[in-house]
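Please open the model in a viewer and keep the sequence panel visible. The stops below are arranged so that each selection leads to the next.

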Amino acid sequence: THAEMATVPLGFDIDAPRWDQSTFVGRLKHFLNITDPRTVLVPEEELDRAKALVEGCRAGLVPLGSSQEQLLYAKKLYDSAFHPDSGEKMNLIGRMSFQVPGGMALTGCMLQFYRTVPAVVFWQWMNQSFNAIVNYTNRNAASPISLRQIGVAYVTATSTALATAVGLNLYTKRAPPLLARWVPFAAVAAANCVNIPMMRQQEIINGVTVTDGDNNELGSSRRAAAKGIAQVVVSRITMAAPGMIVLPIIMERLEKFSFMQRIRVLHAPLQVLLCGGFLLFMVPAACALFPQRCSLALADLEPDLRDSIVAKHGDKVPYVYFNKGL
């Protein structure tokens with residue numbers, strides 16, 4: 001009943017960023033908040049309550065006695081579990097907050113089991129399956145993608161990863177041992193360059209909606225889509241790089257000690273834990289590399305779109321803006 005509801009505190013906007021999104025540190029704080037792996041353990045009912053609270057807050061009504069902390073925590077849960085475009089609850093595996101537990105298990109196993117071709121094939125396939133779910137879940141919901149396109153993207157990315165991993169594995173048989181340990185990273189980087197553009201091909205074909213500084217739609221741009229997707233590819237490779245490049249060096253040194261040779265059975269769990277340590281910081285840091293609201297200079301747009309914007313707005317729109325996805 002309305003008797004138990006109160007109006008939102010004056011000047012409080014639940015959708016306003018808590019930190020300055022034009023700086024790297026501001027974006028890092030934002031993504032540390034919404035990629036917090038602890039939110040994966042929050043029960044479904046609590047997530048639904050958080051969504052109801054956020055939607056109520058947008059409508060200007062909140063339960064009586066709601067504190068600003070409660071509203072901000074509800075927004076954190078909402079951002080971690082619901083799609084920003086559609087508002088639908090995302091599957092657990094595809095959420096950015098699941099990147100640390102999911103990514104650490106897969107990365108640790110890829111780094112540990114790199115010596116035999118069957119092991120390389122299995123873990124690269126598992127990793128690409130995980131990536132396909134993440135890329136599909138975090139796509140721009142305004143650009144629908146068919147099941148056939150998802151299938152083609154998945155098969156292409158998995159084939160690229162496997163071809164890179166198996167090819168380099170055979171190539172590095174006579175190379176220094178450390179080079180062989182870096183093969184999984186080369187495979188992951190190559191697959192990312194294929195998986196993300198393929199999963200988001202609709203955006204490249206049809207363009208993404210671009211707006212002016214006040215969010216007024218100006219049209220669709222394929223060049224904007226290409227810039228956004230390129231930034232996401234760089235972010236994803238950066239996310240994986242420290243763990244997959246530095247960790248093999250650490251393990252190479254550790255395995256020379258006699259105590260490490262006695263506890264071989266613990267090598268895989270140790271790699272998984274160390275990967276988790278890297279990803280805990282790298283997931284938010286990589287997401288924060290570029291602003292979520294990406295910009296493109298008017299001069300860099302397609303000539304026909306640029307001409308139509310100039311015809312309507314003159315020189316009032318030097319830059320256009322769009323959501324690059326994650």
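In which sense do E3 and E4 pair, and over how many bridges? The two strands pair in the antiparallel sense, over 4 bridges. Before selecting them, please note that this is a predicted model, in which local features need pLDDT of at least 70 and side-chain atom pairs count only at pLDDT 80 or more, while totals for chains, interfaces and linings use all residues. Residues are numbered from 1 along each chain as its sequence is written, and side-chain values use heavy atoms, with hydrogens and water left out.

**Stop 1: the E3–E4 hairpin**

Select strand E3 (208-211) and strand E4 (217-221). Strands (E, at least two residues) and helices (H or I, at least four) are DSSP runs, numbered from the N terminus; two strands pair if DSSP finds at least two bridges between them. Show Thr209 together with Ser220, its bridge partner in E4. The two strands form a hairpin with 5 residues between them, and Asn215 in the turn has a positive phi of about 70°.

**Stop 2: Glu302**

Next, select Glu302, in the loop between strand E5 (293-297) and helix H13 (303-313). Is Glu302 buried or exposed? Glu302 is buried, with a relative accessible area of 8%; buried means under 20% relative accessible area, exposed over 50%, and partly exposed in between, with a 1.4 Å probe and protein chains only. Display Ser221, Arg222 and Arg223, which Glu302 touches when residues up to four places away in sequence are not counted. Contact here means heavy atoms within 4.5 Å. A distance may also be drawn from Glu302 to Val210: their C-alpha atoms are separated by 12 Å, although the residues are 92 apart along the chain.

**Stop 3: strands E5 and E6**

Now select E5 with strand E6 (319-323). E5 and E6 pair in the antiparallel sense over 5 bridges, and Cys294 stands opposite Phe322 in E6. With side chains shown, E6 displays an alternation: Val320 and Phe322 point to one face and are buried, whereas Tyr319, Tyr321 and Asn323 point to the other and are not.

**Stop 4: the two domains and the largest pocket**

Colour the protein chain by domain, with domain 1 covering 5-82 and domain 2 covering 96-323; these bounds come from an automatic or database domain assignment. The C-alpha centres of the two domains lie 27 Å apart, and 13 residues of domain 1 are in contact with 16 residues of domain 2.

Where does the largest pocket lie? Domain 1 and domain 2 both give residues to its lining, so the pocket lies between them. On a 1 Å grid over the protein atoms alone, a pocket is an open set of points with protein on both sides within 12 Å along at least five of seven lines, a cavity is a set where a 1.4 Å probe fits but cannot get out, and lining residues have an atom within 4 Å of a point. The largest pocket has a volume of about 1,400 Å³, a volume being the space filled by probe spheres set on the points, which are joined across faces, edges and corners. Of its 50 lining residues, select Pro84, Asp85, Gln292, Arg293 and Asn323, the closest to its centre. Elements giving two or more residues to this lining include helix H1 (24-34) and helix H3 (68-81), as well as E3, E4 and E6. The largest share, 6 residues, comes from H3. The lining divides into 18 nonpolar, 21 polar and 11 charged residues; Ala, Val, Leu, Ile, Met, Phe, Trp, Tyr, Cys and Pro count as nonpolar, Asp, Glu, Lys and Arg as charged, and the others, Gly among them, as polar.

**Stop 5: the second largest pocket**

Keep H3 selected and add helix H2 (44-59): each supplies at least two residues to the lining of the second largest pocket. This pocket has a volume of about 160 Å³. Its lining includes Glu46, Arg49, Gln70 and Tyr73, and divides into 5 nonpolar, 2 polar and 2 charged residues.

**Stop 6: the largest cavity**

A search of the whole structure finds 4 cavities of 30 Å³ or more. The largest cavity has a volume of about 240 Å³. Select Thr107, Asn131, Met239, Ala240 and Leu279, which of its 17 lining residues lie nearest its centre. Helix H10 (222-254) is among the helices supplying at least two lining residues, and H10 gives the most, with 5.
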